[in-house]
Amino acid sequence: MRDFFINSLEKLITVIVVLMIVGVLIGAIVVMFSAQGGFLAGIGMLIFGGLYVILMGGMMYLFLGIYHNTKRTAEILEAQSN
């Protein structure tokens, strides 16, 4: 049951990262062609929004990686103790 939730979390994180990317792209396009924003503001939003997505997605995947490494370490230590 625990594996089901961890695998579901991995899929949910993937969906969240994809939605963040789509949101940054749509937001940048809207800002580029609005009267208030401008082309450079849209490019800036694209750059900084992309960096934000990379950082947040990377941290979420990092936390899952820590879980998997801890699980593998526990399995190895259990196998060595026998």
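**Two helices in an extended chain**

In this predicted model, helix 2 covers residues 39-81, and at 1.5 Å a residue its 43 residues should span 63 Å, a figure with which the 62 Å between its end C-alpha atoms agrees.

Along helix 2, the residues G42, G49, V53, G57 and L64 are buried, where buried stands for a relative accessible area under 20%. An α-helix has 3.6 residues a turn, so residues three or four places apart point the same way. What do the buried residues of helix 2 pack against? Their partner is helix 1, which runs over residues 2-32.

These helices also account for the secondary structure of the protein chain, which has two helices and zero strands. The radius of gyration of the chain is 19 Å, well over the 12 Å that the globule rule gives for 82 residues, and the chain is therefore more spread out than a compact globule. The C-alpha trace can also be described along its principal axes, where it spans about 70 × 20 × 10 Å.

Turning to burial and surface, 17% of the 82 residues of the protein chain count as buried, while the chain exposes about 6,300 Å², of which carbon and sulfur atoms supply 76%. As for the contacts within the chain, if one takes those between residues at least 6 apart in sequence, 62% of them join residues at least 24 apart. Finally, the protein chain carries 4 positive and 4 negative charges, and the mean positions of these two sets are 4 Å apart.

Technical notes: Residues are numbered from 1 along each chain as its sequence is written. This is a predicted model: local features need pLDDT of at least 70, side-chain atom pairs count only at pLDDT 80 or more; totals for chains, interfaces and linings use all residues. Side-chain values use heavy atoms; hydrogens and water are left out. Helices (H or I, at least four residues) and strands (E, at least two) are DSSP runs, numbered from the N terminus. The expected span of a helix is 1.5 Å times one less than its number of residues. Buried means under 20% relative accessible area, exposed over 50%, partly exposed in between (1.4 Å probe, protein chains only). Contact means heavy atoms within 4.5 Å. The radius of gyration is taken over C-alpha atoms; the globule rule is 2.2 Å times the number of residues to the power 0.38. Accessible areas come from the Shrake-Rupley method with a 1.4 Å probe; for residues, only the protein chains shown count as cover. Lys and Arg count as positive and Asp and Glu as negative; His and the chain ends are not counted. The place of a charge is taken as NZ of Lys, CZ of Arg, CG of Asp or CD of Glu.
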